[in-house]
Amino acid sequence: MEGVKVKTAKLPRVNGDEPAKEDVTESKRSTGQTATRRYYVKTFGCQMNEHDSEKLGEALLSDGLSPAEDIDQADVVIFNTCCIRENADNKLYGHLGNLRERGLLDPNFQVVVAGCLAQRDREDLLKRAPYIDVVLGTNNTSRIADLLRKAQESQASVVEVLDYEKESDDGEFFDITRKLWMESQRGQESGENLVTNSMDLPENPTTPRHSAFITIQAGCDNSCAFCIVPSVRGPEVSVAFGKLIDDVNRLAESGVTEITLLGQNVNSYGRDITVALRRIGGSDNLLLGSEKDNAQASDSDVKATTGQLLSAASRIDYERYLAGSRWVSESRRPQPLFADLLRAIGEIDKIKRVRFTSPHPKDLRPETIEAMAQTPSVCEQLHLPLQSGSDAVLKAMRRGYNAETYLRRLESARLAIKDLAVTTDLIVGFPGESEKDFLLTLDLVAEIGFDSAYIFIFSPRKGTRAAEMASEFIDEEVIADRFARLNAVIERSALAKNLSRVNKVEEILVEGLSKKDSSYFTGRTRQGKLVHFTPRYESASNTLESPKAFTTGSSHMPTAGDYLSVKITSAAPHHLFGELI
Ligand code: SF4
């Protein structure tokens with residue numbers, strides 16, 4: 001963890017003069033704060049970053065701040081950054097530059113940089129933008145309110161980034177995040193358990209919602225040649241099983257009916273837990289004192305001991321930890337607990353839909369497919385990143401599977417799960433990708449017939465292996481041509497998949513009025529497909545603005561969170577149209 005850094009602000013020129021640093025500091029100190037402070041979070045990157053932003057916002061809400069509608073009205077601006085996409089640095093510094101004057105002169109204005117770029121660049125950010133108040137790493141987002149206070153009180157920039165230092169533990173390398181996790185599981189609060197705290201849900205979520213993300217794991221143990229995630233997010237750290245079940249129960253009680261489980265390598269969830277169990281010689285060692293007694297006692301014993309019954313979630317927690325000891329005693333390889341997690345969440349009544357992203361093809365295990373097929377709330381949707389159809393390119397990418405393995409696993413999933421929608425990620429122009437390699441991708445993608453795909457053009461990320469393959473970089477024009485050809489194949493299969501749904505009746509979860517055309521509502525099917533639909537009115541005089549009744553007899557307008565039946569009337573590659581029935 002870094003210490004407090006004193007701001008070394010380069011001060012703005014005002015009418016050609018350079019004011020003294022002390023002047024600005026004094027000016028900042030002289031203005032008191034009376035009104036409620038407002039925050040604005042600008043998010044770059046993936047769903048995990050979106051979710052981190054949500055948690056940053058909730059932490060500030062809990063600390064008494066309120067959200068601002070735009071950046072100009074905010075007293076605290078947070079840039080939650082991503083370094084996966086190209087030009088992320090430039091985009092960030094562009095946004096920061098716009099805030100330079102306020103950052104230096106306004107005593108109540110604070111700027112935060114969080115996320116992957118903060119984790120990677122830390123103090124270097126202050127060299128280019130000394131008016132940043134807080135630099136916050138990816139593993140301690142829960143510290144946001146404290147760090148803002150610290151920066152304000154000291155009138156200095158604060159950099160706090162949790163590192164993944166390695167240290168020796170019984171002759172093995174053992175990383176600090178797992179050590180912290182173990183300490184928290186043993187009830188040893190001496191180590192600051194910042195990692196799992198950062199994955200916590202806010203205690204009192206203030207925004208009502210029907211759909212929620214939940215981070216089940218942070219970091220990644222893989223080493224894909226193009227990816228910066230392992231070096232900025234660190235190794236995989238799973239949230240304790242029972243805690244997740246408690247969190248999902250809490251969300252269900254607050255009105256959430258759809259859960260999306262998030263992890264960089266989501267289907268290896270829990271592998272670190274079983275590794276840890278092996279290291280300490282069994283799950284029994286995780287249970288302390290009365291907890292240990294409770295786990296081995298009957299419900300009535302537990303009641304007698306503690307005065308209240310253990311919650312179902314706590315019992316599941318114990319059962320899962322005990323299940324871990326099975327692998328320890330049989331000396332089997334530590335296995336993920338993802339399938340168990342799907343089944344356990346499936347038992348929570350009020351949760352009607354469960355999704356997850358992103359699973360890794362090499363970790364798509366038979367028991368996960370079986371759990372998906374046998375758990376009614378798990379949606380018929382699988383995002384399975386392929387990246388390339390060429391074995392040579394997959395090997396260079398260090399993906400850990402070949403085209404045949406990917407195909408076999410996908411076939412198993414399609415066989416087991418009826419009406420499964422499959423989406424993917426693809427990279428064109430990975431260093432060394434020949435035309436022959438690309439044609440293999442094109443053929444495999446056509447054979448599979450994806451429902452949709454994110455196609456990325458390769459761009460080197462500083463600090464990755466692929467960035468060092470400069471001599472094999474592909475010409476930009478060749479990449480553009482390959483992108484267009486691949487996109488055409490994807491669009492074709494996406495349209496075909498969507499056309500096959502015309503005339504079917506789908507259950508959709510309403511998201512609200514369409515942002516593009518307010519004469520439509522939008523919602524999503526279980527397969528994750530976007531549906532624009534219109535209600536049917538009893539008479540032509542009824543309108544969205546003044547509805548009297550729907551032919552279905554609904555007494556209210558479709559509202560975000562409703563589950564409704566819609567008949568699909570037409571299709572395009574990226575959405576469906578339908579009619580409420
Ligand atoms: S699995 Fe590969 S692409 Fe995904 S986060 Fe890990 S290293 Fe990156």
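1. Of the 581 residues of the protein chain, 41% count as buried, where a residue is called buried if 20 or more other C-beta atoms lie within 10 Å of its own, exposed if 12 or fewer, and partly exposed in between, with the C-beta atoms placed from the backbone. The model is a predicted one, in which local features need pLDDT of at least 70 and side-chain atom pairs count only at pLDDT 80 or more, while totals for chains, interfaces and linings use all residues. Residues are numbered from 1 along each chain as its sequence is written.

2. The protein chain holds 21 helices and 21 strands, which are DSSP runs numbered from the N terminus (helices are H or I, at least four residues; strands are E, at least two).

3. In helix 17, which covers residues 366-374, the buried residues include Thr 368, Ile 369, Ala 371 and Met 372. Seen down the axis of helix 17, its buried residues fall within an arc of 160°, so they line one face of the helix; the arc is that of the directions from the helix axis to the C-beta atoms. These buried residues pack against helix 16 (338-346) and helix 19 (403-416), contact being counted if the C-beta atoms of two residues, placed from the backbone, lie within 7 Å.

4. Strands 14, 15 and 16 form an open sheet in the order 14-15-16, with parallel pairing, and two strands are said to pair if DSSP finds at least two bridges between them. Strand 14 (381-383) and strand 16 (452-457) stand at the edges, each with a single partner strand, so one side of each is left without a neighbour in the sheet. Strand 14 pairs with strand 15 (residues 421-428) over three bridges, and His 383 has Thr 423 as its bridge partner in strand 15.

5. Helix 21 lies across strand 15 and strand 16, and runs at about 175° to strand 16; such axes are lines fitted to C-alpha atoms, for helices over the stretch in contact, and angles run from 0 to 180 degrees between N-to-C directions. Ala 488 is found in helix 21, which spans residues 476-499, and Ala 488 is exposed because 10 other C-beta atoms lie within 10 Å.

6. Five strands close into a barrel in the order 17-18-19-21-20, with mixed pairing. Within the barrel, strand 17 (residues 505-513) and strand 18 (residues 521-524) run antiparallel and are joined by four bridges, and Thr 522 in strand 18 is the bridge partner of Gly 512.
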